Amino acid sequence: MGSTNNSHRSYDDGDVSSISKDFEPSRQASLYGKRKLVKIGFCEISLFWANLLFAFVAVAGQVGQNVSLPLWIDSVMNGNHSGKSVDSYFVLSFASLSFVIVFGLGTLFTKIFSPQDLGETEKRFPHLLLFLVGLCDALNGALVVFASKGSRTPPYLQAILGNFMIPLTILFRVLIVRKKPTLLKLSCGIIVVVGLFICLIPTIFPEVDPKAEKKKNEAEGVSRVMWPIIFMLGFVPAAIMNVLEERGVKMENRSSKKGINLLYFLFWTSSYQLLCVGVLFWLDILPWYGYVSNIQEFGENWWFGVQCFFGAAGCDYRSGTRGTIFILMYVLSYVGGANLLRHAEGATWLAIVTSLVTPLGFIFWTLFDESPFKWHPEGHVSTWFSIGALAIMVPAIFVYNMGAPEISMNANESEEFYHSASADRYDSTSGSRKYLFPEGRHTLNNALLKD
């Protein structure tokens with residue numbers, strides 16, 4: 001390769017174009033994956049146990065949010081006499097606002113008491129990637145949350161369509177980060193999906209378990225088809241979001257070899273998510289799609305949700321308590337997922353691990369009644385199907401994790417590029433920089449790295 005031309009700038013130039021060269025994508029075996037210990041607070045634990053903890057937090061958070069959402073809605077419906085209710089847009093927007101506050105306070109706390117954990121690397125991190133993660137998160141909510149009402153997309157169908165998250169994640173990892181699973185890992189992913197379908201057999205075929213409830217789809221005509229399609233489409237931005245987030249949290253500064261602070265990362269992605277959700281307010285007014293008919297009703301409905309959350313407008317304490325639990329569980333799933341994406345293999349692994357949420361959710365509602373919420377164990381056929389699904393899925397997940405690393409599809413990728421102190425090197429005779437890759441390679445990746 002020849003010497004650099006004027007379009008190439010050194011790291012120290014401070015030019016906007018150098019932002020894309022300050023952070024590099026993680027390699028197949030990143031420094032995070034090679035580290036034997038992971039620092040959590042003031043403690044250091046082994047990578048294996050750290051990833052086990054992160055997986056537990058991510059799964060527990062998602063189970064918690066799935067359980068607490070209907071409890072939150074029920075508390076609003078049963079605790080007030082105004083006839084108003086909390087609709088999908090309020091849940092989406094209020095939760096997004098709460099995430100910004102929680103992660104913003106966490107970032108502020110870190111900046112005050114442990115500024116070295118933030119450093120200066122974040123100043124040069126590509127905000128386009130942060131925005132895309134927030135945008136995909138908002139689009140996922142706008143599609144799935146509005147379509148998830150039982151009268152629009154039947155619960156049994158929601159559980160089935162949710163299984164497409166794993167193959168979608170595999171597809172987008174091939175397209176975006178250029179990595180594909182080995183045959184063994186692909187087989188494990190298929191086994192996990194099969195296990196999910198086994199778990200759902202009593203829900204799909206209620207005659208298998210007469211005690212299992214199957215709500216009738218109240219939608220008619222084209223709505224019976226359109227709402228499930230909208231619900232399924234919502235997992236497309238969700239899969240893209242996880243893959244982009246994996247890319248972001250595994251990026252490392254070329255000089256310091258440090259990644260972006262995760263609280264800072266989640267603060268900015270949540271901020272962009274809130275911005276995009278705010279722009280999408282019109283969905284709640286859109287005929288057929290939303291729940292209100294005009295902007296005035298929209299404002300009144302949203303303000304009612306806020307009042308109800310804080311125990312006003314005729315609501316009791318349960319609304320705020322259960323709403324807070326929902327938000328905190330969501331925060332836990334974000335934190336666990338981000339750490340798992342950074343320290344474990346990637347988005348496919350996260351999708352496979354969190355597939356445990358479905359059978360665990362079934363088992364939870366076997367032990368509790370929803371309304372009124374109370375401990376009421378009641379075993380039936382679907383319980384055994386859920387336990388059987390777990391017996392299939394857990395070993396498959398274990399084998400997936402122990403398998404060989406994924407296959408990089410960048411055939412010309414150089415290990416020297418990844419293990420050197422930067423993505424370029426100096427010519428020993430002239431002192432000029434020479435780049436391992438010619439300009440223009442990895443077009444999609446370069447676009448994501450520019451602000």
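Here is a short walk through this structure, from its cysteines to its core and a pair of helices. Keep in mind that you're looking at a predicted model.

Let's start with the cysteines. Search the whole structure and you'll turn up 1 disulfide. The partners are Cys308 and Cys315, with 1.9 Å from S to S. Look along that link and you'll find a twist of -100° about the S-S bond, which makes it left-handed. Are these two cysteines buried or exposed? Buried means under 20% relative accessible area. Cys308 has 0% relative accessibility, so it counts as buried. Cys315 comes in at 7%, so it is buried too.

Now turn to Cys276, which is in no disulfide. Its nearest cysteine sulfur belongs to Cys136 and sits 9.1 Å away. A disulfide needs the two sulfurs within 2.5 Å. Cys276 is buried as well, because its relative accessible area is 9%. Cys188 is another buried cysteine, with a relative accessible area of 5%.

Next, the inside of the protein. The largest nonpolar core takes in 97 residues, and Trp72 and Phe265 have the most contacts inside it. Which helix gives the most to this core? That's α3, running over residues 47-79, which supplies 11 residues.

Phe265 is a good place to pause. Leaving aside residues up to four places away in sequence, Phe265 touches Phe125, Leu129, Leu130 and Val133. The rest of its contacts on that count are Glu245, Gly248, Val249 and Ile260.

Some of those names come back when you look at two helices, α10 (residues 235-249) and α11 (residues 262-279). Their axes come within 11 Å and cross at roughly 140°. How should we describe that angle? Anything over 145 degrees would count as roughly antiparallel, so α10 and α11 are oblique to each other. As for handedness, α10 passes α11 in a right-handed crossing. Where do the two helices meet? On the α10 side you'll find Glu245, Gly248 and Val249, and on the α11 side Leu262, Phe265 and Leu266.

Leu262 leads us to one last stop, Asn339, since Leu262 is among the residues that Asn339 touches. You'll find Asn339 in helix α13, which covers residues 317-343. Its relative accessible area is 14%, so Asn339 is buried. Setting aside residues up to four places away in sequence, Asn339 also touches Phe54 and Ala344.

Conventions:
Residues numbered from 1 in each chain as written. Predicted model: local features only at pLDDT ≥ 70, side-chain atom pairs only at ≥ 80, totals over all residues. Heavy atoms only, no water. Buried < 20%, exposed > 50% of the residue type's maximum accessible area, 1.4 Å probe, protein only. Core = buried A, V, L, I, M, F, W, Y, C linked by side-chain atoms within 4.5 Å. Helix = DSSP H or I, 4+ residues; strand = E, 2+ residues; numbered from the N terminus. Contact = heavy atoms within 4.5 Å. Axes fitted to C-alpha atoms, helices over the stretch in contact; angles between N-to-C directions. Parallel < 35°, antiparallel > 145°, perpendicular 65-115°, else oblique. Left-handed = near helix turned anticlockwise from the far one by under 90°.
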